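Work through the two exercises below with the model open. Each task is followed by a stepwise solution.

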Amino acid sequence: MAKIVDLLASGRTFSFEFFPPKTAAAELALLHTIAELEPLHPSFVSVTYGAGGSTRELTRDLVMWVRRDTSITPMAHLTCIGHTKREIDEIIAMYLEHGVENILALGGDLSTETDQARPSDFTYATDLVTHLRTRTNTSLSIGVAAHPEVHPRSPDRASDRRHLAEKLRMADFAITQFFFEVKHYVRLVEELAELGVHTPIIPGIMPVTNKSQVQRMSQMSGAVFPEWLSDRLADVGDHDEVQRIGIETATLLCSELLDAGAPGLHFYTLNRSTATRHIYENLGLPRV
Ligand code: FAD
């Protein structure tokens, strides 16, 4: 299977993110989504990880299914929260045995009230990346998270960028939290360049398909939901119209990002295909 570091070295990547379904109906819906997106020939797809333990096995199962039953390269998310070094080594050994060589190393967030914080050998994502680089004795392709509008827990912009730069010096690439205006990405890349870091940063794209959901997610992740977008959606009640505006604004953002030199685009699909397919079409993206 391809390594993302190699894919990035040979051109732009276009990728999709899924979360592991928790019910049989959701699983069926996701299989349908993947079947609809596979013809777009994504460079890779990534699968989120329930840091508190809620979806750990489901992540593994979905990653393995993509690896075994589709033509797409999978990337598994992995978090610091609640993991010992030994557990991490076991998970990586299992992935490598099945040919999965792409890992997104994250701090992790507890996602539901049922998630329990368990003891961990890692505090920050940098610790996990260091461990993966030094202990697993492999040539894993390792990505990390970046927050263009600064991580909500960072006390200030300068320390956020300093810690991110340190992480990126060890990682192969980053994928960003979603954002709605190109200026946030451009500023992030410039600030990292000032710190001497030129690791590829793939912007994460979240097309608006559901107003209240995306506003809630923005609040949690520290992304500003801009006034112009809020105004545009203010009196729109119809779901199809919300989605149409979401696709139009996300297409424009993607186009500006590509013009600004982004090394790829990573779509937060929320396990649906419609918005991503339309944006692909609008941008005239190659399906090779
Ligand atoms: P870190 O890099 O550890 O940073 C967290 C905070 O600690 C930041 O404020 C940083 O500045 C600070 N920090 C870092 N190093 C130091 C240091 N040495 N000293 C002091 N402060 C420091 N969460 C999940 O649970 N599962 C997922 O699958 C998942 N997928 C994601 C995918 C993407 C593309 C993104 C952008 C996020 C994802 N998240 C996921 C969310 C992520 O786990 C959270 O944003 C989490 O709160 C921080 O993760 P991080 O990897 O940025 O952490």
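A polar contact is a pair of N or O atoms within 3.5 Å; within protein, one atom must be able to donate a hydrogen and the other to accept it, and residues adjacent in sequence count only if both atoms are side-chain atoms. The model is predicted, so local features need pLDDT of at least 70 and side-chain atom pairs pLDDT 80 or more, while totals for chains, interfaces and linings use all residues. Residues are numbered from 1 along each chain as its sequence is written, and side-chain values use heavy atoms, without hydrogens and water.

**Exercise 1.** Find which side chains make polar contacts with oxygen atoms of the ligand, and state how much of the ligand is buried.

Step 1. A polar side-chain atom of D109 is 2.7 Å from a ligand oxygen.
Step 2. For H151 the corresponding distance is 2.8 Å.
Step 3. The side chain of S154 places an N or O atom 2.7 Å from an oxygen of the ligand.
Step 4. The ligand alone exposes 980 Å², of which the protein buries 85% (Shrake-Rupley method, 1.4 Å probe).

**Exercise 2.** Check the length of helix 6 and describe its N-terminal end.

Step 1. Helices are DSSP runs of H or I with at least four residues, numbered from the N terminus.
Step 2. Helix 6 covers residues 157–168, which is 12 residues. The expected span is 1.5 Å times one less than the number of residues, so it should be 16 Å; the end C-alpha atoms are 16 Å apart, in agreement.
Step 3. At the N-terminal end, D156 is the cap, with a side-chain oxygen 3.2 Å from the backbone nitrogen of A158.

Note on methods:
Helix = DSSP H or I, 4+ residues; strand = E, 2+ residues; numbered from the N terminus.
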